[in-house]
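Please open the model in your viewer and keep the sequence panel beside it, since each stop on this tour begins with a selection.

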Amino acid sequence: MERTSETDGEREAEGEREADVRVEVLLYEGFDELDGVGPYEVFRTAAAFGGSVDARTVALDGVEQVTASHGLRIGVDGDLGEPDALVVPGGGWNAGDDRPGARREAERGVVPEAIRTRYEAGATVAAVCTGGMLLSEAGLLDGRPAVTHAGALDDLRATRAEVVDARVVDDGDVLTAGGITSGLDLALHLVGRWCGREVADRVATELEYDRDPSRVFVADERNESQ
């Protein structure tokens, strides 16, 4: 997924190389802290261990700071760009229509439209928790296997998605994860895809997290077995 430019060439001349995979974590008011920060830490740790991946936090419309669902105020690195991979956290789906979170963003439509636009431009899109409902609103889960937080599974079943019992569902360029801590499984799975098992295992060891590939449902493997 390497994209070159004059800036890239200048960096390589100075002994630096832009990451092959540029990840952006899209934050919005009311997102769940661990949904966004967990995967971010996984990707940044992978980079520290030599994985050619970089991650930054982004928002829409020039927003410089957002408040997460449990009150954490977090500054963002910049506006949503043109990433190779976009991670969408969930949060606040069942908090009520008038409270910040994924449900309100689904109803507003701005975040789903941004997700759809980046996907159509070629980005891999991965959702954590009820971020999957934002992918559904964007039309990315129609006819595809997916999962979300247990508290939103009935809502997901009411869409055109094929609900799968797994912590992570990998359908190639669209991935979804179950509730909150499943975001770590999702991010480690992606690190394994992009950087190899050795880097993913090192990250899991650093985080003292039990990486278990059996938690991941890979759609291609199912298709090959049919």
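Select Thr-57 together with the residues it touches beyond its neighbours within four places in sequence: these are Val-25, Leu-27, Tyr-40, Gly-75, Val-76, Asp-77 and Gly-78. Keep in mind that you are looking at a predicted model. Extend the selection to residues 53-59 and you have strand S2, in which Thr-57 lies. Is Thr-57 buried or exposed? Its relative accessibility is 9%, and because buried means under 20%, Thr-57 counts as buried.

Next, select residues 174-177, which form strand S11, and turn the view to look at one face and then the other. On one side you find Val-174 and Thr-176, on the other Leu-175 and Ala-177, and all of these are buried, so that both faces of the strand are covered.

Now add the strands that pair with S11. Residues 124-127 are strand S7, which runs parallel to S11 and is joined to it by three bridges; within this pairing, Ala-127 has Thr-176 as its bridge partner. Residues 168-170 are strand S10, which is also joined to S11 by three bridges but runs antiparallel to it, and here Val-169 stands opposite Thr-176. Follow the chain from S10 to S11 through the three residues between the strands of this hairpin, and pause at Gly-172, which takes a positive phi near 80°.

Finally, show the whole chain, which holds nine helices and twelve strands. Of its 226 residues, 49% count as buried, while the chain exposes about 10,600 Å², with carbon and sulfur atoms supplying 42% of that area.

Terms used: Residues numbered from 1 in each chain as written. Predicted model: local features only at pLDDT ≥ 70, side-chain atom pairs only at ≥ 80, totals over all residues. Heavy atoms only, no water. Helix = DSSP H or I, 4+ residues; strand = E, 2+ residues; numbered from the N terminus. Buried < 20%, exposed > 50% of the residue type's maximum accessible area, 1.4 Å probe, protein only. Areas by Shrake-Rupley, 256 points an atom, 1.4 Å probe, with all protein chains shown as cover. Contact = heavy atoms within 4.5 Å. Pairing = 2+ DSSP bridges.
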